[in-house]
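Please examine the sequence and the structure shown here. The paragraphs that follow lead through them step by step.

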Amino acid sequence: MGSRTLTGPQLFLLGGSFLITLGSFAVLPYMSVLLHDRFGLGLGVVGAVLAVASLVQFSGGVVGAALAARIGLRATMLVALAVRTAGFAAFVPGLTRPVVAVAALFLVSCGAALYLPANKAYLVAGCGAERRPGLLAASGSAFNAGIALGPPAAAPFVLTSPAGLFTGVAVLFALVGAGHVLLPSVADEGGGVKDRVGEEEGGAAGAVAGSRLPPFAFTVLAVYVFMFFQHYLALYAVPRTSTAFYGAVLMGYAILLVVAQPLLARRLAALPYATALRLGFGAMAAGTAVLALGGRVGIAGGAVLLCLGEIVLFLKNDLEALARSAAPSATVFGRQRLAAGLGAFAAAVVGGQLYGVAERAAAVQAFWLVVSAQAVVLPALLVVWARGSARRRAGDGPVAAHRPR
């Protein structure tokens with residue numbers, strides 16, 4: 001999608017998305033270090049704080065969608081950016097007051113929850129289905145570029161001059177927020193039409209496509225599988241290779257994601273949903289299995305396959321959720337954020353236990369094989385469940401029609 005097809009507000013939002021994640025990830029990846037080393041909080045407390053903050057950031061998207069329905073997309077983004085600006089500014093006095101620092105973290109998380117559904121809904125407002133894939137892929141690339149560059153940009157300052165870093169990020173958010181004031185107001189329309197669902201496929205795949213659950217449920221599963229990689233690759237890769245190699249894998253992963261997602265967007269949009277699910281979960285299953293091989297080749301190859309799975313599943317699930325729902329786009333994106341939060345939370349709870357068992361048994365490779373098996377089995381179980389639900393509904397239909405009212 002060339003820049004000539006983008007409006008001025010869309011270009012601004014894409015640039016703002018990059019700056020927002022650049023600023024956010026200049027700070028957030030280092031929160032565990034700051035809370036533990038600078039404030040002396042125990043690791044258990046730090047873990048609990050970060051887990052709750054993450055859950056708020058994801059699940060709060062539903063609240064952000066509700067706010068957008070009440071006050072509009074632009075106003076919601078302005079409120080969200082004001083909250084995040086206040087949160088980053090509060091980190092400065094929080095350097096000497098741990099309670100203030102924790103409160104600042106939750107303000108930042110709340111602001112992210114409010115902003116993202118409205119941002120995506122504004123980006124695709126008034127656009128036909130043919131333009132959504134390119135716009136959402138470009139948005140994902142902008143966010144991921146900021147995520148990749150934020151931590152290394154902040155690394156020289158986060159421990160030596162954190163007050164200056166927090167102040168700079170707060171100023172950055174204030175400036176981006178000021179730019180949002182100039183955006184025109186737009187109406188948030190429904191994502192798609194419900195009666196389109198299920199037309200493209202028959203048989204078992206059609207039963208899944210006809211269910212109202214899968215776009216949400218498959219997002220939960222996709223994020224659940226992906227977050228094992230996100231959370232535990234460092235523990236696995238660094239002892240077997242080096243910190244430098246691990247950093248290179250992360251950078252390569254980010255570059256591949258930023259470049260490939262927009263290039264593949266139209267092809268992914270044209271894929272039948274069931275085909276995309278098989279391709280995406282298949283790539284994740286293969287990637288985690290390849291990670292079990294260990295070594296530089298296994299880790300790099302597994303990361304590439306997982307990147308492909310992320311590109312396919314994350315984008316296709318959002319597109320499918322939009323196409324299946326007549327609800328406002330912000331509501332759809334809010335639900336998708338909730339699904340992602342549930343998947344990430346489940347992975348954090350299950351993954352720690354699984355990795356601990358595998359590590360104590362000196363069989364960490366088996367951890368990745370278990371994750372790979374889940375990437376195959378869990379979607380298949382959901383397909384079976386959806387097919388059974390469709391059959392039960394079909395069987396109950398005539399009976400329900402003849403019940404006395």
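**A guided reading of the model**

Setting aside neighbours within four places in sequence, S109 is in contact with A53, V56 and Q57. The model in which these contacts appear is a predicted one. S109 itself is found in helix α6. Its relative accessible area is 2%, and S109 is therefore classed as buried, since the term applies to values under 20%.

From this single residue one may turn to the chain as a whole. The secondary structure of the protein chain comes to 15 helices and zero strands. The chain has 405 residues, and buried residues make up 48% of them. About 17,700 Å² of the protein chain is exposed, and carbon and sulfur atoms supply 69% of that area. Among contacts with a separation of 6 or more, 83% are accounted for by residues 24 or more positions apart.

Which parts of the chain does the salt bridge between K120 and D318 link? The closest N and O atoms of K120 and D318 are 3.2 Å apart. K120 lies in helix α6, which covers residues 98-124, while D318 lies in helix α13, which covers residues 295-324. The pair thus links distant parts of the chain, 198 residues apart. The two partners can also be described by their accessibility. K120 counts as partly exposed because its relative accessibility is 23%, whereas D318, at 11%, counts as buried.

The count of salt bridges comes to two. In the salt bridge between R324 and E320, the side chains meet at 2.8 Å, N to O. Why are R324 and E320 separated by about one helical turn? The reason is that they are four residues apart in helix α13. R324 is buried, and E320 is buried as well.

Aromatic rings offer a further view of the model. The count of aromatic pairs comes to 16. One of these is formed by Y224 and F228, with 4.9 Å from centre to centre and 85 degrees between the planes. The pair is classed as edge-to-face because the angle between its planes is over 60 degrees. Y224 and F228 are separated by about one helical turn, because they are four residues apart in helix α10, which spans residues 214-240. Both residues can be placed by their accessibility: Y224 is buried, with a relative accessible area of 9%, and F228 counts as buried at 0% relative accessibility.

Y232 and F367 also form an edge-to-face aromatic pair, in which the centres are 5.6 Å apart and the planes stand at 70 degrees. Y232 lies in helix α10 and F367 in helix α15, residues 364-401, so the pair ties together parts that are 135 residues apart in sequence. Y232 is buried, with a relative accessible area of 10%, and F367 counts as buried at 2% relative accessibility.

These two aromatic pairs can now be set in a wider context. Which residues do ring pairs link into a cluster? The cluster consists of Y224, F228, Y232, Y236, Y355, F367 and W368. Its members thus include Y224 and F228, as well as Y232 and F367.

Notes. Residues numbered from 1 in each chain as written. Predicted model: local features only at pLDDT ≥ 70, side-chain atom pairs only at ≥ 80, totals over all residues. Heavy atoms only, no water. Phe/Tyr/Trp six-rings, centres within 6.5 Å; stacked < 30°, edge-to-face > 60°. Helix = DSSP H or I, 4+ residues; strand = E, 2+ residues; numbered from the N terminus. Buried < 20%, exposed > 50% of the residue type's maximum accessible area, 1.4 Å probe, protein only. Salt bridge = Lys/Arg side-chain N within 4 Å of Asp/Glu carboxyl O. Contact = heavy atoms within 4.5 Å. Areas by Shrake-Rupley, 256 points an atom, 1.4 Å probe, with all protein chains shown as cover.
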